[in-house]
Each structure stands twice: as C-alpha cells, then as structure tokens.
Amino acid sequence: MELTSTSFLVTLVVVTALAMLALLLLWNRIPGPGWVRWPVRVLMIGLCQLTAICVVATSINSSYGLYSSWDDLLGTDAGQDTSAMTGPPLGRAKFSQGGDGTQSTYFRGSHSKLAGQVVVWTPPEYEAPGAEKTRFPVLMLLHGYPGSPRTWMDLGRMPGALEELVQLGAAHPFIVVIPELYPGGVNTDCSNTPERKIADWLAQDVPDLVAKRFRTLRGPAGWGVMGVSTGAFCAAKLPLQYPKVFRAGAALDPDPLTGDPGVLANPSLRERNSPMWLVEHTKKADVGLFLATSAQDKSSPPQQLAAFAKAAEGTGVRVKTLIRPQGGHNFQTWSAMYPDALGWLSTEISPPGDR
C-alpha cells in the first residue's frame with residue numbers, strides 16, 4: 001500500500017481499534033504472576049498509543065504531503081539526482097484504478113524530465129451510453145504547499161463537490177486532473193528554473209499525457225485550471241504563460257501575485273514568473289482569470305486582487321474577482337468558493353462536445 005493512500009490510513013485506523021479492543025478484553029485475562037502481567041499490560045498500552053500516533057501522523061502526511069512515498073520517508077532515495085528524477089521511461093504511464101473512482105499513475109515527463117503522481121477522474125457522463133465519441137473539457141486542480149494530490153480529495157471534497165454542482169446544473173462535466181505541484185519536493189511556484197522545469201511539467205507533460213489517454217476537447221478552449229494558495233498563484237499565472245494550453249484559471253486565495261522571494265530568490269526570474277508582471281505584458285491573449293479571497297485572509301489580502309484587476313485593464317485578459325466577507329486560508333473557505341469559481345469556469349471553458 002502507498003504511504004499516502006486512503007487504504008493505508010483505513011488499515012491503521014482498524015489496527016488501532018483492534019488494539020484498543022484487545023486491551024479491554026485481555027486486561028484481566030493475562031495469565032501468570034504479577035511481574036509478568038504488568039509488563040504485558042504496559043506493552044499493550046504502548047501498542048495502542050503507537051497505532052494511534054501512526055493514524056494521526058499518516059493523516060497529517062496525507063494532507064500536507066510531507067513524505068510522498070515509503071522511500072521518501074525511509075530515506076532510501078537519498079543521493080539520487082532529483083532534478084533528473086528516477087522512475088518509468090520518459091512519457092510512459094500506466095494508470096491504476098483507485099477505490100474512489102480515480103485513476104493514478106507515476107509519470108515521467110518528456111519535456112521536464114520530472115516524475116510525479118498524476119490523478120485523473122472522469123465524470124459519469126464520460127462512460128454514459130452514446131458518449132463514446134464525446135470529448136470532455138479538462139479541469140486541472142493544483143494543491144498548495146505543502147500538499148499532495150490527495151489533499152484535494154481528503155480535504156477539498158473533490159471531485160464530489162464538482163459532481164454535485166453538475167447535477168444541480170451549476171457547472172458542466174469536466175475530466176479532473178490532479179498532478180503533483182512540485183515533483184521531487186522542490187517548490188518553484190510552478191516556474192521553470194535552470195534546475196527544474198515545473199512549468200513544463202504542468203503545462204506540457206501532464207496535458208500531453210491526459211490528451212493521449214482520455215477523450216479531451218482539443219485546444220485551449222477545453223482546458224482550465226483551478227488552484228488554492230500556492231496552487232492558486234499557479235492557476236493565475238499558467239494561463240497567462242501558456243494561453244495555447246489553458247483558456248481560463250480560477251485562483252482561490254492566491255499567494256502574493258508579485259512572487260515570493262522565499263521561493264525564487266532571483267529577482268528577475270521571480271518577476272517574470274509572477275502573475276502581476278505577466279498580465280501587464282500580455283497582449284490580447286484569449287484568457288480569463290477568476291480570483292477570489294476573503295476579507296479576513298491576511299495571506300491573500302483583497303488589495304492584491306484589486307491591484308491585479310487594475311493591471312489587467314486594457315490587456316484583453318478577462319478578470320473576475322470575488323471577496324467573501326469571512327473565512328481563513330483553508331478548504332472550508334475555498335469549498336464555499338466552488339459554486340462561483342466552477343460556475344464561472346463553465347462559462348469560459350467549452351462544454352462536452354464532439355470536437
């Protein structure tokens with residue numbers, strides 16, 4: 001079982017429950033003299049505590065992506081060149097079916113040479129009778145830092161929240177794609193640097209993989225991206241950098257849109273990979289951006305959304321902003337933004353069709 005899989009977490013929960021039950025049932029049934037019984041009881045208590053700690057630690061790791069695999073946790077991949085990345089041959093991917101209706105693969109991109117997990121979910125309409133030739137729009141979801149693709153499922157209620165909106169007629173069906181935001185564990189704010197081509201990973205490798213394996217709409221009109229926190233920063237910048245790939249982006253509580261010196265120390269590299277610089281230098285790109293935050297979020301203040309919208313005036317970039325009166329920098333706030341964000345994306349991105 002994978003370290004970040006739901007099945008592993010459920011197994012730990014069951015083992016913890018069984019350990020506690022065994023403690024209750026066997027406490028007074030341990031044979032032998034006292035000097036034997038009490039050490040055994042202490043060991044049983046210790047086992048209960050250990051399994052409970054493992055449950056909490058695994059849950060935290062799944063939410064924040066501190067360790068992506070057993071090798072990462074045990075340090076058995078130490079000394080490898082993470083910029084080159086080991087893994088499957090370039091471009092080769094084998095998807096495995098998950099118990100939650102998703103498919104996942106560990107994939108190594110031909111453009112970036114980076115390797116990471118990619119999770120894909122197809123809507124029920126994808127397998128509906130008569131839909132064999134229908135192509136579907138794609139929504140790429142980008143998690144925050146730290147985080148992992150599972151963060152969207154475990155904390156973000158995706159893709160279930162999207163499916164509920166589709167059933168209400170508030171959004172149209174999307175193929176959902178959730179890639180690792182920083183393969184190899186190095187965050188670059190989704191930017192290409194001399195050492196790591198993460199923008200190529202997200203805007204070339206992952207779209208190429210999905211387009212080859214699934215019935216996706218052709219062209220940027222069928223592709224959008226939505227992110228939270230650091231992923232929101234990326235959702236604002238990638239359509240501006242790659243308008244031939246993504247038609248629209250929805251950024252929920254984005255990190256500072258001028259860039260983070262703690263991520264990209266080089267001032268020129270940071271500036272030219274910031275959404276603020278990109279929107280000011282975008283010429284008539286057919287791109288739409290939805291930016292949302294709350295009045296209480298100090299990590300993503302409303303002022304930066306207003307400044308961005310002003311900078312976009314006259315560029316042709318369509319900008320819509322949303323300021324909620326309350327909410328923190330968390331999925332409780334972000335999930336409340338889903339109806340507005342996904343509804344808006346459904347107006348910017350083409351619905352399922354035959355092209």
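**Salt bridges, cysteines and helices in a predicted model**

Guide: In this predicted model, Asp-100 forms a salt bridge with Arg-150, the closest N and O atoms being 3.7 Å apart.

Visitor: How many residues apart are Asp-100 and Arg-150, and which elements hold them?

Guide: Asp-100 belongs to the loop between β1 (96-97) and β2 (103-108), whereas Arg-150 belongs to helix α4 (residues 149-154). The salt bridge thus links distant parts of the chain, with a separation of 50 residues.

Visitor: Is Arg-150 buried or exposed?

Guide: The cut-off for a buried residue is a relative accessible area under 20%. Arg-150 has a relative accessible area of 13%, so Arg-150 is buried.

Visitor: Which residue meets Arg-150 in a salt bridge of 3.1 Å, N to O?

Guide: The partner lies in helix α4, as Arg-150 does, and the two are four residues apart, about one turn of the helix. The partner is partly exposed, with a relative accessible area of 37%. The side chain that meets Arg-150 at 3.1 Å is that of Asp-154.

Visitor: How many residues apart are Arg-247 and Asp-286, whose side chains meet in a salt bridge?

Guide: The N to O distance of this salt bridge is 3.2 Å. Arg-247 is in the loop between α7 and β7 (248-252), and Asp-286 is in the loop between α9 (275-280) and β8 (288-294). The pair links distant parts of the chain, at a separation of 39 residues.

Visitor: Which residues are joined into one network with Arg-247?

Guide: Arg-247 counts as buried at 17% relative accessibility, while Asp-286 is partly exposed at 41%. The network arises from salt bridges that share partners. Besides Arg-247, its members are Asp-286, Arg-318 and Glu-348.

Visitor: How many disulfides does the structure hold, and which cysteines are joined?

Guide: The criterion is a pair of cysteine sulfur atoms within 2.5 Å. The count comes to one disulfide, with an S to S distance of 1.9 Å between Cys-190 and Cys-234.

Visitor: Why is the disulfide of Cys-190 and Cys-234 described as right-handed, and how far apart in sequence are the parts tied together?

Guide: The disulfide is right-handed because the torsion about its S-S bond is about 90°. Cys-190 lies in the loop between β5 (175-179) and α6 (198-213), and Cys-234 lies in helix α7 (residues 230-241). The pair therefore ties together parts whose separation in sequence is 44 residues.

Visitor: What is the nearest cysteine sulfur to that of Cys-48?

Guide: Cys-48 is in no disulfide, and Cys-48 is buried, with a relative accessible area of 11%. The nearest cysteine sulfur is 12 Å away and belongs to Cys-54.

Visitor: Where does helix α11 bend, and by what angle?

Guide: Helix α11 (residues 331-348) has 18 residues and reaches 24 Å from its first C-alpha to its last, close to the 26 Å expected. Of its 18 residues, 13 are buried. A proline, Pro-339, follows the bend within four residues; the bend is at Tyr-338, with an angle of about 45°.

Visitor: What accessible area does the nonpolar patch that includes Val-14 have together?

Guide: Val-14 is in helix α1 (residues 6-26) and counts as partly exposed at 43% relative accessibility. The patch on the surface is formed by Val-10, Val-14, Leu-18, Leu-21, Leu-25 and Leu-26. Together these residues have an accessible area of about 520 Å².

Methods
Residues are numbered from 1 along each chain as its sequence is written. This is a predicted model: local features need pLDDT of at least 70, side-chain atom pairs count only at pLDDT 80 or more; totals for chains, interfaces and linings use all residues. Side-chain values use heavy atoms; hydrogens and water are left out. Buried means under 20% relative accessible area, exposed over 50%, partly exposed in between (1.4 Å probe, protein chains only). Patches are made of residues with over 30% relative accessible area and no salt bridge: like charges are joined within 9 Å, nonpolar side chains (Val, Leu, Ile, Met, Phe, Trp, Tyr) within 5 Å. Accessible areas come from the Shrake-Rupley method with a 1.4 Å probe; for residues, only the protein chains shown count as cover. A salt bridge is a side-chain nitrogen of Lys or Arg within 4 Å of a carboxyl oxygen of Asp or Glu. The expected span of a helix is 1.5 Å times one less than its number of residues. The bend at a residue is the angle between axes fitted to the seven residues ending there and the seven starting there.
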